[in-house]
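I opened the model today to look up a few points about its fold. My entries follow in the order I made them.

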Amino acid sequence: MSQTKNIYKLGIALSGGGAKGFAHLGALQALNEKGLYPEVISGTSAGAFAGVLYADGYAPKEILSFFQKKVFREFAEFTIPHGGFFKSDGFRSFLKKHLRAKTFEELQTPLFALTTDIEYGESKAFSSGPLIPAVIASCSVPIIFRPVEINKRFYVDGGLFKNFPVSTIRRECDKIIGINVSPLMRAEFRSSIKYIAERSFHYMSVSNTLLDRNLCDYLIESDALFKYSMFDLEHVEEIYQTGHELTIKFFEENKDSLIKDFPYITT
């Protein structure tokens, strides 16, 4: 019996991690500079946010420019708690302004955006239909943001069950490069709701990444991003550059193996 050929030669999995997700853009830039371009992208939360803009045909540096000099309040409007402290209207407006594709089917690169069905307790990967609701849902950290209603179901951040969505595309890819910007890290205690919420979600999401980390052919992760908070939009260029530097270092350390798997890369 012949073995089924995988659909994609290279897939990229992008983890959640809030503002640390700008490191995904730096990593993607470095991969592109080496001649590696994903044929499919799987992203959770910040990974879905960066992934959808990249899959829409924007270069990583272009995407970075969209965020320069922006602050968290531009993306989140405080509201009386009704499912979440903040409305996601800012996210919606941002995506509506910049996305050229309206549906997953119109993207230049296939994308899987991971969400969580908050009512039924199920992980849900969107890969077809309207883009914006699915991507916003993937980024909707529980309590911080309101759930997003899609087809009469309510969805929140995919990190609750699958913060590092490697398994989502594992069977379809010959090779997967995983970029995890949110490995387990210690952060000094601060007596604030923001700290407690952020750390609780961090531990919750880290606990479900162990299997997916092991499914990567190549794993890029580091604690170099630990000093940046989930909502830090004041250091996007630094975070981007850190992701770029980590990926270049990764290439240097894995050059022989990478050349074997991708003989066309630039060394």
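In which sense do strand 10 and strand 11 pair, and over how many bridges? I found that strand 10 (residues 173–180) and strand 11 pair in the parallel sense, over four bridges. I looked up G178 and found L219 of strand 11 as its bridge partner.

Before going further I noted that this is a predicted model. The average pLDDT of the chain is 86, and 85% of the residues score at least 70. I marked residues 70–86, where the pLDDT is below 50; this stretch still has 46 contacts in the model beyond near neighbours in sequence.

Next I went along strand 11 (residues 218–221) and asked which side chains are buried. Y218 and I220 point to one face and are buried, while L219 and E221 point to the other face and are not. The general pattern is that side chains in a regular strand alternate between the two faces of the sheet.

I then looked up the contacts of I177. Apart from neighbours within four places in sequence, I177 is in contact with Y218 and I220, and also with L10, G11, I12, A13, L31, L36. I177 also came up in the largest nonpolar core, which has 65 residues. The members touching the most other members there are F22, V52, L95, I177 and I179. I noted a second, separate core of 10 residues, with A13, V40, F112 and F164 among them.

Is helix 5 mostly buried or exposed? Eight of its nine residues (131–139) are buried, so helix 5 is largely enclosed by the rest of the structure. I listed the buried ones as L131, I132, A134, V135, I136, A137, S138 and C139.

C139 led me to check cysteines. C139 has a relative accessible area of 11% and counts as buried. C216 is buried too, at 14%. I looked for disulfides and the structure holds zero.

My last entry is on T116, which lies in strand 5 (residues 111–117). T116 has 1% relative accessibility, so I put it down as buried, the cut-off being under 20%. What does a polar atom of the T116 side chain lie 2.9 Å from? The partner is the backbone oxygen of D157. D157 is also in the list of residues T116 touches, leaving out those up to four places away in sequence. The others in that list are E122, F154, Y155, V156, G158, L160 and F161.

How values were computed: Residues are numbered from 1 along each chain as its sequence is written. This is a predicted model: local features need pLDDT of at least 70, side-chain atom pairs count only at pLDDT 80 or more; totals for chains, interfaces and linings use all residues. Side-chain values use heavy atoms; hydrogens and water are left out. A disulfide is a pair of cysteine sulfur atoms within 2.5 Å. Buried means under 20% relative accessible area, exposed over 50%, partly exposed in between (1.4 Å probe, protein chains only). pLDDT is the predictor's confidence in each residue, from 0 to 100. Contact means heavy atoms within 4.5 Å. A nonpolar core is a set of buried Ala, Val, Leu, Ile, Met, Phe, Trp, Tyr and Cys residues joined through side-chain atoms within 4.5 Å. Helices (H or I, at least four residues) and strands (E, at least two) are DSSP runs, numbered from the N terminus. A polar contact is a pair of N or O atoms within 3.5 Å; within protein, one must be able to donate a hydrogen and the other to accept it, and residues adjacent in sequence count only if both atoms are side-chain atoms. Two strands pair if DSSP finds at least two bridges between them.
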